[in-house]
There are 2 protein chains.
Amino acid sequence: MSSELAPVNIGLLGLGTVGGGTLTVLRRNAHLIASRAGRRLQVTIATARDVSKPRECDTSGVMLVADPFAVVDAPDVDIIAELIGGIEPARTLILRAISNGKHVVTANKALIALHGNEIFAAAQAKGVMVAFEAAVAGGIPVIKVMREALAGNAVQWLAGIINGTCNFILSAMSEAGSDFAEVLAEAQRLGYAEADPSFDIDGIDAAHKLTILASLAFGIPLQFDNVYVEGIRHVSGEDVTYAERLGYRIKHLGIARQAADGLELRAHPTLIPAQQPIARVNGVMNAVLVRGDAAGPVLLSGAGAGAEPTASSVVADLVDVVRALTTDRENRVPHLAFQPGTLAALPVLPIEAVETACYLRLQAADEPGVLADVTRILADFGISIEAIIQLEHPDDPAVVPVVILTHRVRERAMNEAIARIQNLPAIKAPIVRIRMEPFA
Amino acid sequence: MSSELAPVNIGLLGLGTVGGGTLTVLRRNAHLIASRAGRRLQVTIATARDVSKPRECDTSGVMLVADPFAVVDAPDVDIIAELIGGIEPARTLILRAISNGKHVVTANKALIALHGNEIFAAAQAKGVMVAFEAAVAGGIPVIKVMREALAGNAVQWLAGIINGTCNFILSAMSEAGSDFAEVLAEAQRLGYAEADPSFDIDGIDAAHKLTILASLAFGIPLQFDNVYVEGIRHVSGEDVTYAERLGYRIKHLGIARQAADGLELRAHPTLIPAQQPIARVNGVMNAVLVRGDAAGPVLLSGAGAGAEPTASSVVADLVDVVRALTTDRENRVPHLAFQPGTLAALPVLPIEAVETACYLRLQAADEPGVLADVTRILADFGISIEAIIQLEHPDDPAVVPVVILTHRVRERAMNEAIARIQNLPAIKAPIVRIRMEPFA
């Protein structure tokens, strides 16, 4: 059965966490994979910075080379799996593999988000495939679902917990009631946050992944520069606690939405209703909620990172590529879900034009008339209030934390209202604003 | 672009809820679908019991015929979408379509569960595809995820909320604190339960879907007869309430697991931890949680039924089939995930050999020594107790409801222990036993 077709030869770029995990999964489940794919998938060559270093994964039968160009140029390799990450030399290696007529599987979200248009054009011209399931949300098959399972849908919006570090930190702040800085230190100790965590906690990584998902959803070219990005540094333990009292959880989300006047592309902390299943996705787990006009909301969740979850997606891509090796080019799944000629430069809204409900936290002096002033300013900007709560300040009885939940309002109006409220003499600290999404 | 390839002609069997929804989605999103598939998908012929009946969906340009054989025999039709349901004439029509060399898309779970082996063998022999995403969990792409996205994994277990009627009833019992019978009547009034609801509430429908999922997970032939089936009639409002007090929700689950000594295939009410995201999947929504050895747990949830969610899956299958029309047979995704020659008749455990933790509810006379007797019997059968709670009986002060949560135990031992406890003179009503799953 599975011996009828010739084995497919794979060249691995990188034997680190994901590369090693991929080799391990391909070996451990070799029989199952061959029973599904109808042929064997074998890694014949792999690159590693130090070829003599002892490794956890079994590299027997794999030629280890220090030079990655020896892998992408190897004549008997059918598919290159790029698992080194970063922009260079990954970009050059992938382009070289493509020009050698090899198919590529990659887990490199930054590269796809920033250089995917160039890479896919090269692949299209050469008639090869570039698959990238592992680039977004680790072991969760969100690329496949967006590109294939929702092919009959107009996607209305999607929202994803797509950065495990942010989700770990916000979940731990919720569980322990701790503040951002101490949880970050704990996350770094556990290896869930980098020594320099800014790439994750400032939202860049989530924005890369959102860039990819938005293209698949709406048929637009990749455009990281048009994503509004905000991280989680300004979210305090108080905000997490107050949000929960009001029936919400704070999650860092990547959000893409087809609004009436343009597309919204944004990554920022968000209050979401606690009873939503996605609100229960905690720790380093990821989740993506997509709403199609026919399917309705579809939620996918699972491990967003890690050696084997990511390897699971790499292997799924390898099997997909293997199945399509002899498929006519025009019948393959297009890289960005839509046929290249049909991608459209739909207008993307600046964040000022986006409408959301908001959570506001004010530190007000405990004196009469402050609430009247605040609500008057909100009314002046046409902002309706859903709830307003005065709380006890944990340390300072002279200052009253006031939490306001607003109805949906355009960001520009909210910015102006916040600026005016901030100028009230009774307001004693910078106003915190966190957007809200009802997912309704 | 999308005009380069000839349109694909589709014949629809059935213009009811799902058939009408499919036609509506294919028309409304025709441009998007063509932009993704690279060609147009058009329904050219459809069958309807009464061709002159006015319909909600736009049938202009579609030849309506009363005789379904006129559809499966139509020479210019490439793909048949079977959306009439039931065993006959659906089975005969699909086999005829296959023998005519046409590909088939179906939403018919009962037919696939009971006759899928025959249908797939015929399709394999003829070299055509039979796609059935819509047969399980409506708009949730669980078939695609199992067959393709998890191709690198050994599946360890899966558990699904795959019957919307059961989930609606159990959710409503939880929210309203009502009892089974009154919620069932409400579900029937709302159209969420049939006039004769036994197919759903006795677990048959869930068992059909589980039959399909288990084959995809483990590479076994379809075998409905080996599924242990239990419905929700015996779950009382009290059980729902007590489970919640203990931190659990009761869901009707289809479960398939690779245990040490065989496969478990079972559909029954189950206590699951309330903090799990799947425990928050309420109402008519469906969800499937699959654990792969590499991917870890992957949760999918969404609309499990309804015209357009089901149509979303039908259209996704149509696009998949269109893409693979010219693919070599051996490179297509196998019907049951594994190449036909590799399906294995793995042993399925009888329910008596399955191990689970259990929730037991006893109605005991309020007299000394009862708990001692009960716990002694459990100990005699090697059953460890995780928690034991005595409650107030809502109506009868002479009777004490006792809820016991056990650790994992083989069903045979639990059956014998229950029989012995039931015989104690102090036990005043039939003992309720609901299995538990930790999802850990």
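**Notebook: the two chains, their contact and one helix**

I began with the contact between the chains and found that 61 residues of chain A are in contact with 61 residues of chain B, where contact means that the C-beta atoms of two residues, placed from the backbone, lie within 7 Å. I note that this is a predicted model, in which local features need pLDDT of at least 70 and side-chain atom pairs count only at pLDDT 80 or more, while totals for chains, interfaces and linings use all residues. Residues are numbered from 1 along each chain as its sequence is written, and chains are lettered from A and ligands numbered from 1 in the order in which they are written.

I then looked up which elements supply the side of chain A that touches chain B: helix 2 (30-37), helix 6 (142-149), strand 12 (296-303) and helix 12 (307-323) of chain A each give two or more residues, and helix 12 of chain A has the largest share, with nine. Helices (H or I, at least four residues) and strands (E, at least two) are DSSP runs, numbered from the N terminus. By class I read 31 nonpolar, 20 polar and ten charged residues on this side, with Ala, Val, Leu, Ile, Met, Phe, Trp, Tyr, Cys and Pro taken as nonpolar, Asp, Glu, Lys and Arg as charged, and the others, Gly among them, as polar.

Next I followed strand 12 of chain A, which pairs with strand 12 (residues 296-303) of chain B in the antiparallel sense over three bridges; pairing requires that DSSP finds at least two bridges between the strands. In this pairing L300(A) stands opposite L300(B).

I turned to helix 8 (residues 180-190) of chain A, where F180(A), V183(A), L184(A) and A187(A) are buried, that is, have 20 or more other C-beta atoms within 10 Å of their own, C-beta atoms being placed from the backbone, whereas exposed residues have 12 or fewer and partly exposed ones fall in between. These four lie on the same side of helix 8 of chain A because they cover an arc of only 105° around the axis, the arc being that of the directions from the helix axis to the C-beta atoms. An α-helix has 3.6 residues a turn, so residues three or four places apart point the same way. The buried residues of helix 8 of chain A pack against helix 7 (164-176) of chain A, while A181(A), A185(A) and R189(A) are exposed on the other side. After helix 8 of chain A comes G191(A), with a positive phi near 85°.
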